[in-house]
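Trainee: I am new to this structure and would like to look closely at one part of it. Could you take me through a single helix with care, and then through the enclosed spaces in the protein?

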Amino acid sequence: MDPTIDHPQRYALVNELHARPYPKLGVPSHAVYVAFKEPRDAANRDRAKDQAHLVDLLNRSGTTPPQTGITHFAGKIGRHELKWESHTEFTTYLAFAPGTSARPFDPAETEVFPPAWVAAGPGGRLAAVQIRIEELPANPDEIDPLLAQWFVAESLVCTWVLDGSAVVAGDFRLDPNGQMRFAIFVRPGTGPGRVGRTVQRICELETYRAMSMLGLTRGRDLSRRLNSLDPRLTELVEGMGDDARSAEATLNGLLEISAELEGLAVQHSFRFSATGAYEAIVRERVESLRETRFEGRQKLSEFMARRYDPAVRTVKSAETRLRQMVTRAARAGELLRTRVDVERSAQNQKLLESMDRRSDLQLKLQHTVEGLSVVAISYYAVSLAGYLTYPVAKQIGISKELMVAGLTPLVILLVWLMIRRIHNSVGKH
């Protein structure tokens with residue numbers, strides 16, 4: 001087939017669909033999961049550190065490191081199968097192997113990820129899960145004593161999943177080893193692919209739950225900051241109708257608060273958006289388990305509704321309140337700017353009226369000056385005309401005084417006509 005007919009990314013996009021297959025686990029078996037996240041700006045982290053951390057783990061077991069620039073890897077580390085994935089904000093490691101330890105949730109099982117290696121992880125450990133997979137007894141009631149030994153009853157979740165294929169139990173608490181424990185009791189005849197999907201969904205559920213709740217601390221901090229800004233904004237808005245207050249001073253106060261609110265929106269927008277996205281994934285993972293009640297015990301969805309949803313609502317409430325305060329400040333600023341513009345327009349109108357009065361005075365003064373100019377110019381013109389006409393007057397026998405007296409009205413008329421013509425010419429231009 002001619003390769004030029006395919007889009008350059010066609011094969012890469014198809015391969016992406018098969019890049020992260022579910023693990024396949026038999027019964028009995030165990031799985032250990034850990035996720036790492038940088039504390040700040042994890043989406044723009046140096047991903048070379050993630051891969052270097054992976055290579056360090058592989059070198060400890062003599063496994064050949066992968067090529068650089070990858071986003072997922074599957075291989076063996078000792079007797080465990082390893083799945084590594086790089087996500088937008090975090091990286092995950094899932095190791096699983098057949099068999100279970102005699103001691104339930106033995107810390108030795110987690111040593112597939114050595115403590116020194118975990119401590120050197122980029123950022124810090126976000127999630128750590130230990131899963132024990134056993135066969136479901138013929139009488140499901142027989143698992144009750146195990147649940148009482150392994151988990152805290154107050155927060156215990158125990159539910160049928162995947163149309164009754166297995167029972168999943170966990171208490172969402174950290175044990176002394178820093179692990180969150182889950183037990184899966186698999187009905188005989190359930191395929192390893194379905195067991196692997198259950199394990200994968202539990203790990204993803206815990207990871208995305210932790211990621212979505214990162215916004216909780218941000219939301220609480222933001223609420224405290226908004227609690228201090230809200231009275232100031234309310235006071236400024238209520239004072240907008242007080243004519244005794246300076247509109248420009250109030251506007252400057254509003255602009256200061258608006259700038260701070262916009263800064264808070266920029267700081268928290270990514271985390272709050274990520275919280276919404278991760279929350280949607282958490283709910284999708286819960287629904288995909290298709291759970292039904294086991295022996296009257298608490299379901300996973302019920303636990304999430306009681307313990308997880310309030311935290312998410314706190315984040316959403318802070319986000320909504322911030323958005324509303326930004327809108328309030330912007331709307332108040334627009335109203336106040338309108339008021340300032342109206343006041344400035346009134347001031348400009350008064351200034352124009354004052355300028356009109358000054359123009360009238362200047363025009364009257366100009367007319368007065370023009371009259372005086374006619375007199376002054378005429379005086380000098382009559383003097384010059386007298387000198388010019390004196391010889392003629394002497395020849396014809398007219399005295400100088402009489403000649404000047406006769407020339408004066410004529411000179412005044414000519415000067416006045418000249419100034420009038422200049423004035424009209426300037427007015428036209």
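**A close look at helix H6**

Mentor: In this predicted model, the buried residues of H6 are Gly215, Leu216, Gly219, Leu222, Leu226, Leu229, Asp230, Leu233 and Leu236. As background to that list, an α-helix has 3.6 residues a turn, so residues three or four places apart point the same way. The helix covers residues 214–238, and because each residue should add 1.5 Å, its 25 residues should span 36 Å, which agrees with the 36 Å that separates its end C-alpha atoms. Along the way H6 bends by about 25 degrees at Leu229, and a proline, Pro231, follows within four residues. Leu229, where the bend lies, is also one of the buried residues.

Turning to the enclosed spaces, the count comes to four cavities of 30 Å³ or more, and the largest of them has a volume of about 130 Å³. It is lined by 13 residues, of which Tyr33, Glu85, Thr92, Gln200 and Glu204 are the closest to its centre. Strand S3 (80–86), strand S4 (90–98) and helix H5 (192–212) each give two or more residues to this lining, and H5 provides the largest share, with five residues. By class, the lining of the largest cavity holds six nonpolar, four polar and three charged residues.

The second largest cavity has a volume of about 50 Å³, and its lining divides into eight nonpolar residues, one polar and no charged. Strand S7 (166–174) and H5 each give two or more residues to that lining, with S7 giving the most, four residues.

Conventions: Residues numbered from 1 in each chain as written. Predicted model: local features only at pLDDT ≥ 70, side-chain atom pairs only at ≥ 80, totals over all residues. Heavy atoms only, no water. Expected span 1.5 Å × (residues − 1). Bend = angle between axes of the 7 residues up to and from the residue. Buried < 20%, exposed > 50% of the residue type's maximum accessible area, 1.4 Å probe, protein only. 1 Å grid on protein atoms, 1.4 Å probe; cavity = no way out; pocket = protein on both sides within 12 Å on 5 of 7 lines; lining within 4 Å. Points joined across faces, edges and corners; volume = space filled by probe spheres on them. Nonpolar A, V, L, I, M, F, W, Y, C, P; charged D, E, K, R; others polar.
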